[in-house]
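Visitor: I would like to learn how to read a model of this kind, beginning with its surface and ending with its interior. Could you take me through it step by step?

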Amino acid sequence: MPRPIAPSERRDTFERDGFLVLPGFVSAEACLALKRRVEELVDAFDPEAHRSIFSTHEQTRTSDDYFLASGDKVRFFFEEGALGPDGRLRVPKERALNKIAHAMHDLDPVFDRFSRTPALAALTAELGLSRPVLVQSMYIFKQPHIGGEVVCHQDATFLYTEPMTVTGLWFALEDATIENGCLWVVPGGHRQGLKKRFLRDERGSTRFEVLDPVPLVEDGAFPLEVPAGTLVVLHGLLPHRSEENRSARSRHAYTVHVVEADAYYAADNWLQRPDLPLRGFS
């Protein structure tokens, strides 16, 4: 794990490396409260109602209406390996989900409290965000044995603003290791510029728009093995990924993405919130 960063070094480190690792940012009790709330949500979820799969492979293929309309809702997405050829679950539903997304921070009081704290407001201000608003949240399960790979990407591909302002707040709710699919980052990789955008097309589907045909350089990527309670802050242009989880241990995480309220949020971004105005940390 990277060495602890003194508060006075945080902004310089973030601007240099494109990420920041803050162990112990949230308490064990706060992590447990979020996990318990998710247990309640999953218990109430009817897996027969939807069979939407989330995958970063061939993402345009897996973008269905349930996914595209999730920006202002709380919705459930399965792992590719959770469903058999007949479409039935191969594992219990609590072991089948890839993530819950994308507006828990606004629609669920437990997630709202976790996502909006004075400490987070102070940290984002310290990093240079003047009027941050929370645009998206995801509870990520990284299930044992079937947890899917997340290919190398930049968050600004999916949450494009002018100027670029998206910042990711990734919370480890369980210990993250190489074995169970921790994050991998490319230090300084945010200086490569934005490579592509993921947007809605004229047919109501999605597509990638290539902005720079030169592939992301992943040389020097290294794993962020961090304990539960760690916050990892990710620059919107930083290349990062996570590998499959074939271990017997899950790797639960929660992530929130913020953008500047005054920045232009593209009307063709895949994630739209027509009925739910954006809010800040208060």
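Visitor: How much area does the protein chain expose, and what share of it do carbon and sulfur atoms supply?

Guide: Accessible areas come from the Shrake-Rupley method with a 1.4 Å probe, and for residues only the protein chains shown count as cover. Here the protein chain exposes about 12,400 Å², of which carbon and sulfur atoms supply 53%. This is a predicted model, in which local features need pLDDT of at least 70 and side-chain atom pairs count only at pLDDT 80 or more, whereas totals for chains, interfaces and linings use all residues. Residues are numbered from 1 along each chain as its sequence is written, and side-chain values use heavy atoms, with hydrogens and water left out.

Visitor: What percentage of the 282 residues is buried?

Guide: Buried residues, meaning those under 20% relative accessible area (1.4 Å probe, protein chains only), make up 55% of the 282 residues.

Visitor: Which residues touch the most other members of the largest nonpolar core?

Guide: In soluble globular proteins, nonpolar side chains tend to be buried together. A nonpolar core is a set of buried Ala, Val, Leu, Ile, Met, Phe, Trp, Tyr and Cys residues joined through side-chain atoms within 4.5 Å. The largest one has 59 residues, and Phe-171 and Tyr-254 touch the most other members. Strand β4 (a DSSP run of E, at least two residues, numbered from the N terminus), covering residues 132-140, gives this core its largest share, 6 residues. Apart from it lies another core of 15 residues, including Leu-183 and Val-226.

Visitor: Which residues are in contact with Phe-171, leaving aside its neighbours within four places in sequence?

Guide: Contact means heavy atoms within 4.5 Å, and the partners of Phe-171 include Phe-25, Phe-114, His-252 and Tyr-254. Across the protein chain, residues 24 or more positions apart account for 83% of the contacts with a separation of 6 or more.

Notes. Buried means under 20% relative accessible area, exposed over 50%, partly exposed in between (1.4 Å probe, protein chains only). Helices (H or I, at least four residues) and strands (E, at least two) are DSSP runs, numbered from the N terminus.
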